[in-house]
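This report walks through one protein chain, sheet by sheet and contact by contact. Keep the structure open while reading.

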Amino acid sequence: MATRFGDLSSTTKLRVVGADRVRFLNGQTTNDVRQANAGSTQESCVLNAKGQLDAHLFLFAPTDAIWMSADGELREQLRARLDRYVIADDVVIDDVTDDFALFHFCSAVQPQVAAAEFCLKSRRLTNNGWDVWFRTKEKEKILNRLSAIYEPIGPDEWEVLRVEEGIPRWGRELTPKIIPPEANLDRRAIDYDKGCYIGQEVISRMKMSGQMRQRLRGLISEQKEELISGMSLAAGEKVVGQITSAVFSERLKLPIALAIIKRGFNEPGTKLVAVADGRKMNVNVVPLPFLPGEQI
């Protein structure tokens, strides 16, 4: 099977420089920036004091700066959020979104991309992936060259792959009302031993209690009918969740969905009813990622 790649150039890209950059960002993010390196991305979150998401990002740290990427919708918000806490710190945050393009390769083997500024291991869809950064002015030339060697993944197909893998996305599963473990980001983006950061007390209490008000899960329709983003999920007369993303999976031959579901109703095997515009369908809660053996 040919190596595949997706164009993530629309993502927000920031560069953080200054002598205090590591200490500063370590107090702003959920993962341990002191462990970040130049060879792989570190997934992390920026929170408010209530532990809710301000941003979800990927960062890496060569010797002279810390670079990060986040959803394109966060371009102004993320920089402003970080700048707000720069007081007496030797830290400068630059927006380099327009200067760099970014491709992600789904491959265990490092892709060979001429003119790449950075090539890093990155777990965006699966455990095997690579982020490649290069100058925007080189994008069209590099894209044409890569398309002759590798298989491009369009936005619609990327969305299907994302949902199949159970990966949350900003604006869908990830919103300012979500606390990271509720979207399963505790497995990927939180270091529970690093010490203090904004929102850390909430995250620690949640880990100690083992209780979450809601959780990201997968859904499969018993009737194999189309699921629609925004559908409410009901248990009897009670609304207990909402579908956040829905696609048809050719690999599974099924319509599948991601949903945020309240505590008490999100255990795999739970049966719920999806409701929208007078339509009702029975759905089953399944663990993530979706696996072929979970077909109805």
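A residue is called buried when its relative accessible area is under 20%, exposed when that area is over 50%, and partly exposed in between. The model discussed here is predicted.

## A buried residue in β10

Start with Ile153, which lies in strand β10. Its relative accessible area is 8%, so Ile153 counts as buried. Ile153 touches Arg4, Phe5, Gly6, Cys106, Trp158 and Leu161, leaving aside residues up to four places away in sequence. Phe5 stands 148 residues from Ile153 along the chain, yet the two C-alpha atoms are separated by 5.6 Å.

## The open sheet

Strand β10 belongs to an open sheet of five strands. The order is β8-β9-β7-β1-β10, and the pairing is mixed. Two strands sit at the edges, β8 (118–121) and β10 (151–153), and each of them pairs on one side only. On average, neighbouring strands of this sheet are turned by 25 degrees against each other, direction ignored.

What joins β8 to β9? Four bridges do, and the two strands run antiparallel. Strand β9 covers residues 130–135. Leu120 has Asp131, in β9, as its bridge partner.

Two helices pack on this sheet. Helix α3 (residues 139–147) touches β1 (4–7), β7 (100–106), β9 and β10. The direction of α3 makes about 15 degrees with that of β7. Helix α4 (residues 155–165) touches β1, β7 and β10. The direction of α4 makes about 75 degrees with that of β10.

## The closed barrel

Six strands form a closed barrel with antiparallel pairing. They run β11-β14-β13-β12-β15-β16. Neighbouring strands here are turned by 40 degrees against each other on average, direction ignored.

One pairing in the barrel links β12 (residues 232–235) to β15 (residues 271–276), in the antiparallel sense and over three bridges. In β15, Ala274 is the bridge partner of Leu233. Helix α4 packs on the barrel sheet too, touching β13 (238–249) and β14 (254–262). The direction of α4 makes about 130 degrees with that of β13.

## Salt bridges

How many salt bridges does a search of the whole structure find? The count is 23. One of them joins the side chains of Arg23 and Asp89, at 2.4 Å from N to O. Arg23 lies in helix α1 (residues 21–26), and Asp89 in the loop between α2 (75–83) and β6 (92–95), so this pair ties together parts that are 66 residues apart in sequence. Is each partner buried or exposed? Arg23 counts as exposed because its relative accessibility is 51%. Asp89 is buried, with a relative accessible area of 17%.

Another salt bridge joins Arg135 to Glu117, with the closest N and O atoms 3.6 Å apart. Arg135 lies in strand β9 and Glu117 in the loop between β7 and β8, so the pair ties together parts that are 18 residues apart in sequence. Arg135 is partly exposed at 33% relative accessibility. Glu117 is partly exposed as well, with a relative accessible area of 39%. Elsewhere, Glu159, Arg162, Arg169, Arg172 and Glu173 are joined into one network by salt bridges that share partners.

## Around Arg34

Arg34 lies in the loop between α1 and β3 (42–47). The side chain of Arg34 meets that of Asp32 in a salt bridge of 2.9 Å, N to O. Asp32 is buried, with a relative accessible area of 6%.

Which residues does Arg34 touch, not counting those up to four places away in sequence? They are Val22, Asn26 and Lys194. The C-alpha atoms of Arg34 and Ala61 are separated by 9.1 Å, and the two residues are 27 apart along the chain.

## The largest pocket

The largest pocket has a volume of about 670 Å³. Its lining holds 29 residues. Leu8, Thr11, Asp71, Trp158 and Arg169 lie nearest its centre. Trp158 is also one of the residues touched by Ile153, and Arg169 belongs to the salt-bridge network.

Which element gives the largest share of the lining? Helix α4 does, with four residues. At least two lining residues each come from β1, β4 (53–60), β5 (66–70) and α4.

Terms used
Residues are numbered from 1 along each chain as its sequence is written. This is a predicted model: local features need pLDDT of at least 70, side-chain atom pairs count only at pLDDT 80 or more; totals for chains, interfaces and linings use all residues. Side-chain values use heavy atoms; hydrogens and water are left out. Two strands pair if DSSP finds at least two bridges between them. Axes are lines fitted to C-alpha atoms, for helices over the stretch in contact, and angles run from 0 to 180 degrees between N-to-C directions. Contact means heavy atoms within 4.5 Å. A salt bridge is a side-chain nitrogen of Lys or Arg within 4 Å of a carboxyl oxygen of Asp or Glu. Buried means under 20% relative accessible area, exposed over 50%, partly exposed in between (1.4 Å probe, protein chains only). On a 1 Å grid over the protein atoms alone, a cavity is a set of points where a 1.4 Å probe fits but cannot get out, and a pocket is an open set with protein on both sides within 12 Å along at least five of seven lines; lining residues have an atom within 4 Å of a point. Grid points are joined across faces, edges and corners, and a volume is the space filled by probe spheres set on the points.
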